[in-house]
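Me: Here is a structure that I would like to understand. Please explain each term as it comes up.

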Amino acid sequence: MENIKANTILDAKGLACPMPIVKTKKEMKNLDAGQVLEVQTTDKGSKADIKAWAESTGQQYLGTIEEGEVLKHYLRKSSNEESNEKKHPNIISNEELEKKIDVDKNIVVIDVRENAEFAFNHIPNAISIPLGELENKMNVLNKNAEIYIVCRTGNRSDLAAQKLTENGFNNVINVEQGMSQWSGKTISIND
């Protein structure tokens, strides 16, 4: 395997979402346009997270190389004209979503966390579609349905909401606080 030269290497091994993205965002600010950042992680969900973050900010996602347990993500910093971080405009708080679920049991909640995260704690009737699988599973969703997207902190769900909206979904809402702050009913593998 040919070694890929990066201008900077960021060690984010052992960190879980959203920390690899937080550290990547901070490190990208220190790079000049055109420079390459190598982000080393051990979080399997980081592949989809970093790729989606790069797309939403205008940075160039070059690819990921797996070396044992370590994922090496390569990003190229875009010029200021190219990069402008987007945020999904339609948001809802955990409390507002909880009230909506109490009123409408048929509400569509998509949980974009990894399968293991979902198994240990999720909103009743939520559909598990990890962020990395969303693009391949969009066709099973109703483009006109009111869809609420949840993750652990609101970061992955923001990226997922943007992706669905870009693909013609009309009514997508990001649950801003996510499962880390959820106080409503949950189902767990331990129940």
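Reply: Start with one term. A salt bridge is a side-chain nitrogen of Lys or Arg within 4 Å of a carboxyl oxygen of Asp or Glu. This is a predicted model: local features need pLDDT of at least 70, side-chain atom pairs count only at pLDDT 80 or more, and totals for chains, interfaces and linings use all residues. Residues are numbered from 1 along each chain as its sequence is written, and side-chain values use heavy atoms, leaving out hydrogens and water.

Me: What is the mean pLDDT of the protein chain?

Reply: pLDDT is the predictor's confidence in each residue, from 0 to 100. Where it is low, the predicted coordinates should not be read in detail. In this chain, 94% of residues reach 70 or more. The mean is 89.

Me: In which element is confidence lowest?

Reply: Helices (H or I, at least four residues) and strands (E, at least two) are DSSP runs, numbered from the N terminus. Confidence is highest in strand E6 (residues 108–111), at 97. The lowest mean is 84, over residues 115–120, and that element is helix H4.

Me: How many salt bridges does a search of the whole structure find?

Reply: Side chains of opposite charge can pair when their charged atoms come close. One of the pairs is Lys137 with Glu133, with the closest N and O atoms 3.0 Å apart. For the whole structure, the search gives 8.

Me: Which residues are linked with Arg156 in a network of salt bridges?

Reply: Arg156 in helix H6 meets Asp49 in helix H2, 107 residues apart, at 4.0 Å from N to O. Arg156 also meets Glu117 at 3.0 Å, N to O. Glu117 sits in helix H4, 39 residues from Arg156. So Arg156's partners in the network are Asp49 and Glu117.

Me: Is Arg156 buried or exposed?

Reply: Buried means under 20% relative accessible area, exposed over 50%, and partly exposed in between (1.4 Å probe, protein chains only). Glu117 has 24%, so it counts as partly exposed. Arg156 has 3% relative accessibility, so it counts as buried.

Me: Which element gives the most to the largest nonpolar core?

Reply: A nonpolar core is a set of buried Ala, Val, Leu, Ile, Met, Phe, Trp, Tyr and Cys residues joined through side-chain atoms within 4.5 Å. The largest has 31 residues, and Leu75, Leu131, Ile149 and Leu164 touch the most other members. Elements that each supply at least two of its residues include strand E1 (8–12), helix H1 (19–29) and helix H6 (155–166). The top giver, with 5 residues, is H2.

Me: Within what arc do the buried residues of H1 fall, seen down its axis?

Reply: Pro20, Ile21, Thr24 and Met28 are the buried ones. The face turned away from them carries the exposed Lys26 and Lys29. The arc is that of the directions from the helix axis to the C-beta atoms. The buried residues line one face, because their arc is 95 degrees.

Me: In which strand is Asn174 found?

Reply: Asn174 counts as buried, because its relative accessibility is 2%. Contact means heavy atoms within 4.5 Å. Leaving aside neighbours within four places in sequence, Asn174's contacts include His88, Ile149 and Asp158. Its strand, residues 171–175, is E9.
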